[in-house]
Amino acid sequence: MDSTKNSISVKLQNSNPVTIKNPSGKITLYAVAANIADVPATIIAEKSFKQSELPFEIKLDLPKDHYKLIKPAVNETDPIKYYVALEWDSNGDGTVGKGDVMIDFNKKFPTVSLGNNNEVFVLQAD
(Lines give C-alpha, C1' and ligand atoms only; values in the text may rest on other atoms or scores of the structure.)
Protein backbone atom coordinates (compact mmCIF):
# COMPACT_ATOMS: atom_id res chain seq x y z
CA MET A 1 0.00 0.00 0.00
CA ASP A 2 1.29 3.45 -0.86
CA SER A 3 0.69 5.56 2.26
CA THR A 4 1.66 8.73 0.37
CA LYS A 5 -1.77 8.72 -1.28
CA ASN A 6 -3.67 10.91 1.15
CA SER A 7 -6.96 11.53 -0.60
CA ILE A 8 -9.63 9.92 -2.67
CA SER A 9 -11.82 11.55 -5.28
CA VAL A 10 -15.34 10.24 -5.89
CA LYS A 11 -17.68 11.31 -8.68
CA LEU A 12 -21.34 10.68 -7.91
CA GLN A 13 -23.25 10.28 -11.13
CA ASN A 14 -26.63 9.02 -12.23
CA SER A 15 -28.19 7.39 -15.26
CA ASN A 16 -31.65 8.90 -14.81
CA PRO A 17 -32.66 12.41 -13.74
CA VAL A 18 -33.13 12.95 -10.00
CA THR A 19 -34.82 15.68 -8.00
CA ILE A 20 -32.87 17.17 -5.10
CA LYS A 21 -34.85 19.25 -2.60
CA ASN A 22 -32.37 18.98 0.31
CA PRO A 23 -28.76 19.57 -0.81
CA SER A 24 -27.16 18.40 2.48
CA GLY A 25 -25.68 14.92 2.58
CA LYS A 26 -22.72 12.92 3.85
CA ILE A 27 -20.31 10.48 2.24
CA THR A 28 -18.33 7.98 4.31
CA LEU A 29 -15.17 6.09 3.32
CA TYR A 30 -14.73 2.62 4.80
CA ALA A 31 -11.72 0.29 4.75
CA VAL A 32 -11.38 -3.40 5.48
CA ALA A 33 -8.62 -5.96 5.05
CA ALA A 34 -9.20 -7.53 1.64
CA ASN A 35 -7.91 -10.94 2.75
CA ILE A 36 -10.20 -11.41 5.79
CA ALA A 37 -13.85 -12.37 5.39
CA ASP A 38 -16.81 -11.39 7.57
CA VAL A 39 -15.27 -8.55 9.56
CA PRO A 40 -16.81 -5.11 9.92
CA ALA A 41 -15.25 -2.27 7.95
CA THR A 42 -13.65 0.74 9.65
CA ILE A 43 -14.69 4.32 8.99
CA ILE A 44 -11.63 6.13 7.63
CA ALA A 45 -13.11 9.49 6.58
CA GLU A 46 -16.44 11.30 6.42
CA LYS A 47 -17.39 14.48 4.64
CA SER A 48 -20.59 16.49 4.59
CA PHE A 49 -21.58 18.15 1.34
CA LYS A 50 -24.18 20.45 -0.19
CA GLN A 51 -25.14 19.68 -3.79
CA SER A 52 -28.26 20.51 -5.73
CA GLU A 53 -27.51 18.54 -8.90
CA LEU A 54 -25.74 15.46 -10.19
CA PRO A 55 -23.13 14.58 -11.23
CA PHE A 56 -20.61 16.10 -8.84
CA GLU A 57 -17.18 15.21 -7.53
CA ILE A 58 -16.13 15.14 -3.90
CA LYS A 59 -12.66 14.73 -2.41
CA LEU A 60 -12.07 12.92 0.88
CA ASP A 61 -8.84 13.65 2.74
CA LEU A 62 -7.40 10.69 4.58
CA PRO A 63 -5.70 10.78 7.96
CA LYS A 64 -1.93 10.25 7.88
CA ASP A 65 -1.13 6.53 8.14
CA HIS A 66 -4.85 5.76 7.93
CA TYR A 67 -4.14 2.03 7.65
CA LYS A 68 -3.29 2.07 11.37
CA LEU A 69 -6.97 2.87 12.09
CA ILE A 70 -8.26 -0.29 10.39
CA LYS A 71 -9.58 -3.01 12.74
CA PRO A 72 -8.76 -5.83 12.85
CA ALA A 73 -5.23 -4.51 12.52
CA VAL A 74 -3.49 -4.67 9.17
CA ASN A 75 0.07 -4.15 8.04
CA GLU A 76 1.03 -1.45 5.55
CA THR A 77 1.65 -4.16 2.96
CA ASP A 78 -1.72 -5.93 3.40
CA PRO A 79 -4.31 -5.55 0.63
CA ILE A 80 -7.04 -3.12 1.69
CA LYS A 81 -10.53 -2.79 0.19
CA TYR A 82 -12.07 0.70 0.26
CA TYR A 83 -15.68 1.61 -0.40
CA VAL A 84 -18.02 4.52 0.18
CA ALA A 85 -21.50 4.89 1.65
CA LEU A 86 -23.94 7.73 1.12
CA GLU A 87 -26.39 9.24 3.60
CA TRP A 88 -28.57 11.85 1.91
CA ASP A 89 -32.15 12.89 2.65
CA SER A 90 -32.28 14.41 -0.82
CA ASN A 91 -36.08 14.66 -0.93
CA GLY A 92 -36.15 16.58 2.36
CA ASP A 93 -38.78 14.47 4.13
CA GLY A 94 -36.67 14.11 7.30
CA THR A 95 -35.61 10.49 6.82
CA VAL A 96 -33.16 8.68 4.56
CA GLY A 97 -35.02 6.12 2.48
CA LYS A 98 -37.71 6.02 -0.19
CA GLY A 99 -37.37 8.87 -2.67
CA ASP A 100 -33.78 9.75 -1.74
CA VAL A 101 -30.59 9.57 -3.78
CA MET A 102 -28.81 6.30 -2.91
CA ILE A 103 -25.95 4.21 -4.26
CA ASP A 104 -27.03 2.01 -7.18
CA PHE A 105 -25.63 -1.36 -6.07
CA ASN A 106 -27.12 -3.05 -9.14
CA LYS A 107 -24.94 -0.95 -11.42
CA LYS A 108 -21.68 -1.26 -9.45
CA PHE A 109 -20.55 -1.82 -5.85
CA PRO A 110 -19.04 1.47 -4.56
CA THR A 111 -15.47 0.17 -4.28
CA VAL A 112 -12.92 2.96 -4.66
CA SER A 113 -9.14 3.21 -5.03
CA LEU A 114 -6.76 5.62 -3.35
CA GLY A 115 -5.23 8.28 -5.57
CA ASN A 116 -7.62 7.53 -8.46
CA ASN A 117 -10.71 9.19 -9.83
CA ASN A 118 -13.59 6.93 -8.86
CA GLU A 119 -17.16 6.75 -10.15
CA VAL A 120 -20.07 5.80 -7.93
CA PHE A 121 -23.47 5.45 -9.53
CA VAL A 122 -26.56 6.68 -7.70
CA LEU A 123 -30.29 6.57 -8.28
CA GLN A 124 -33.48 7.90 -6.73
CA ALA A 125 -34.77 5.10 -4.46
CA ASP A 126 -38.31 3.82 -5.08
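A strand here is a DSSP run of E, at least two residues long, numbered from the N terminus. L60 sits in one such strand, β4. The model is a predicted one. Residue numbers count from 1 along the chain.

Start with the sheets. One is an open sheet of 4 strands, in the order β3-β2-β5-β7. Its pairing is antiparallel. The edge strands are β3 and β7, and each pairs on one side only. β7 covers residues 111-112.

Walk across this sheet from β3. β3 and β2 run antiparallel, joined by 8 bridges. Within that pairing, T28 stands opposite E46 of β3. Next come β2 and β5, which pair in the antiparallel sense over 9 bridges. Here Y30 faces Y83 in β5. Then β5 meets β7, with 2 bridges joining the two antiparallel strands. Y83 appears again at this step: its bridge partner in β7 is T111.

β2 deserves a pause. Of its 10 residues, 7 are buried, so the strand is largely enclosed by the rest of the structure. In a regular strand, side chains alternate between the two faces of the sheet.

Now the other open sheet. It also has 4 strands, in the order β4-β1-β8-β6. Its pairing is mixed. β4 and β6 stand at the edges with a single partner strand each, so one side of each has no neighbour in the sheet. From one strand to the next, the twist averages 35 degrees. At one end of the order, β1 and β4 pair in the antiparallel sense over 6 bridges. V10 stands opposite I58 of β4 there.

Next, the nonpolar core. The largest one holds 30 residues, and L29 and L86 touch the most other members. Several elements give two or more residues to it: β1 (7-14), β2 (24-33), β3 (42-50), β4 (56-61), β5, β6 and β8 (117-124). The largest share, 5 residues, comes from β5.

Look at L29 more closely. Leaving aside neighbours within four places in sequence, L29 is in contact with I8, T42, I43, I44, A45, L60, L62, Y82, Y83, V84 and V112. Y83 is on that list, and Y83 is also the residue that Y30 stands opposite.

L60 is on the list too, which brings us back to β4, the strand that holds L60. Is L60 buried or exposed? Its relative accessibility is 1%, so L60 counts as buried. Setting aside residues up to four places away in sequence, L60 touches N6, S7, I8, I27, L29, E46, K47 and V84. Both I8 and V84 are also contacts of L29. L60 and L114 make another pair to find. They are 54 residues apart in sequence, while their C-alpha atoms are 10.0 Å apart in space.

Turn to charge. How many salt bridges does the structure hold? There are 2. In one, K26 pairs with E46, and the closest N and O atoms are 3.4 Å apart. This pair links distant parts of the chain: K26 lies in strand β2, E46 lies in strand β3, and 20 residues separate them. K26 is partly exposed, with a relative accessible area of 26%. E46 is partly exposed as well, at 45%. E46 has other roles in this picture: it stands opposite T28, and it touches L60.

The other salt bridge joins the side chains of K68 and D65, at 3.9 Å from N to O. K68 is exposed, with a relative accessible area of 54%. D65 counts as partly exposed, at 25%.

One charged residue stands apart from these pairs. Where is D89? D89 lies in the loop between β5 (80-88) and β6 (101-103). D89 is buried yet has no salt bridge. A salt bridge needs a side-chain nitrogen of Lys or Arg within 4 Å of a carboxyl oxygen of Asp or Glu. The nearest side chain of opposite charge to D89 is K21, and K21 is 9.8 Å away. What does D89 touch, not counting residues up to four places away in sequence? Its contacts are N22, S24, G94, T95, V96 and D100.

Conventions. This is a predicted model: local features need pLDDT of at least 70, side-chain atom pairs count only at pLDDT 80 or more; totals for chains, interfaces and linings use all residues. Side-chain values use heavy atoms; hydrogens and water are left out. Buried means under 20% relative accessible area, exposed over 50%, partly exposed in between (1.4 Å probe, protein chains only). Lys and Arg count as positive and Asp and Glu as negative; His and the chain ends are not counted. Contact means heavy atoms within 4.5 Å. A nonpolar core is a set of buried Ala, Val, Leu, Ile, Met, Phe, Trp, Tyr and Cys residues joined through side-chain atoms within 4.5 Å. Two strands pair if DSSP finds at least two bridges between them. Axes are lines fitted to C-alpha atoms, for helices over the stretch in contact, and angles run from 0 to 180 degrees between N-to-C directions.
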